[in-house]
Amino acid sequence: MIKVSDIAKKKVVELMTEDGFNPQVDFVRVGVKSGGCSGLSYDLKFDKENQNEDKVFEDNGVKIIVDKKSFLYLVGTTLEYSGGLNGTGFVFNNPNAQRTCGCGESFSL
């Protein structure tokens, strides 16, 4: 399961609405792809449909879909949002990551 912090929920709802998505029925698609300075990087986008093998979760009123392969890397992750001095954006608090890069956008196991 993937959790969503209160601050991340607020930002997800705001951005989804701005992009023409309905936060009550549409999804946040979270995934992992090869790349980044640590080997794997996070991918986040909005989606209106889930695929057959997607895992579907809902936490804090946010509907999340994760493809089967990415799910293995993301179990237990919390999606957070940071607006601090190091930049603004979504942050993945992933207990499975053994190493992360300085910007927090990539990780390795």
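Student: In this predicted model, which residue of strand 5 does K55 stand opposite?
Tutor: Strand 4 and strand 5, the latter covering residues 62–66, pair in the antiparallel sense over 5 bridges. Within this pairing of the two strands, the residue of strand 5 that stands opposite K55 is V66.

Student: Which residue takes a positive phi in the hairpin of strand 4 and strand 5?
Tutor: The hairpin formed by strand 4 and strand 5 leaves 2 residues between the strands. A positive phi near 55° is found in this hairpin, and the residue that takes it is N60.

Student: How do the elements of the chain run from the N terminus on?
Tutor: The chain has 2 helices and 9 strands. Read from the N terminus on, the order of these elements is β-α-β-β-β-β-α-β-β-β-β.

Student: Is K68 buried or exposed?
Tutor: K68 has its place in helix 2, which covers residues 68–74, and its C-alpha is 9.9 Å from that of Q51, a residue 17 positions away in sequence. To count as exposed, a residue needs a relative accessible area over 50%. The value for K68 is 52%, and therefore K68 counts as exposed.

Student: Which parts of the chain does the salt bridge between D26 and K48 tie together, and how many residues apart are they in sequence?
Tutor: The structure holds 5 salt bridges, and in the one between D26 and K48 the closest N and O atoms are 3.3 Å apart. D26 lies in the loop between helix 1 and strand 2, whereas K48 lies in the loop between strand 3 and strand 4, so the pair ties together parts whose separation in sequence, in residues, is 22.

Student: Is K48 buried, exposed or partly exposed?
Tutor: Its partner D26 is buried, with a relative accessible area of 6%. Buried means under 20% and exposed means over 50%, with partly exposed in between. K48 has a relative accessibility of 48%, and therefore K48 counts as partly exposed.

Student: Which residues are joined into one network by salt bridges that share partners?
Tutor: The side chains of R29 and D47 meet in a salt bridge with an N to O distance of 2.8 Å, and this pair links strand 2 with strand 3 across 18 residues. The side chains of D54 and R29 meet in a salt bridge as well, at 2.7 Å from N to O. D54 lies in the loop between strand 3 and strand 4 and R29 in strand 2, so this pair ties together parts that are 25 residues apart in sequence. Salt bridges that share partners thus make one network, and its members are R29, D47 and D54.

Student: Are R29 and D54 buried or exposed?
Tutor: R29 is buried, and D47 is also buried. For the pair of D54 and R29, the description that applies to both residues is buried.

Student: Which elements give two or more residues to the largest nonpolar core?
Tutor: The largest nonpolar core has 19 residues, and those with the most contacts inside it are V12, V28, V30, I64, V66 and L74. The elements that give two or more residues to this core are helix 1, strand 2, strand 3, strand 5 and helix 2.

Student: Which residues does L74 touch, not counting those up to four places away in sequence?
Tutor: L74 is among the residues with the most contacts inside the largest nonpolar core. Leaving out residues up to four places away in sequence, those that L74 touches are M1, I2, V30, G31, V32, Y42, V66, N94 and N96.

Student: Why is the pair of Y42 and F92 described as stacked?
Tutor: A pair of aromatic rings is described by the distance of the centres and the angle of the planes, and planes under 30 degrees apart count as stacked. The rings of Y42 and F92 have their centres 4.2 Å apart and their planes at 10°, so the pair is stacked.

Student: How many residues apart in sequence are the parts that F57 and F71 tie together?
Tutor: The rings of F57 and F71 have their centres 5.7 Å apart and their planes at 20°, so the pair is stacked. F57 is buried, and F71 is also buried. F57 lies in strand 4 and F71 in helix 2, so the pair ties together parts whose separation in sequence, in residues, is 14.

Conventions
Residues are numbered from 1 along each chain as its sequence is written. This is a predicted model: local features need pLDDT of at least 70, side-chain atom pairs count only at pLDDT 80 or more; totals for chains, interfaces and linings use all residues. Side-chain values use heavy atoms; hydrogens and water are left out. Helices (H or I, at least four residues) and strands (E, at least two) are DSSP runs, numbered from the N terminus. Buried means under 20% relative accessible area, exposed over 50%, partly exposed in between (1.4 Å probe, protein chains only). A salt bridge is a side-chain nitrogen of Lys or Arg within 4 Å of a carboxyl oxygen of Asp or Glu. Two strands pair if DSSP finds at least two bridges between them. A nonpolar core is a set of buried Ala, Val, Leu, Ile, Met, Phe, Trp, Tyr and Cys residues joined through side-chain atoms within 4.5 Å. Contact means heavy atoms within 4.5 Å. Rings of Phe, Tyr and Trp (its six-membered ring) pair if their centres lie within 6.5 Å; planes under 30 degrees apart count as stacked, over 60 as edge-to-face and the rest as tilted.
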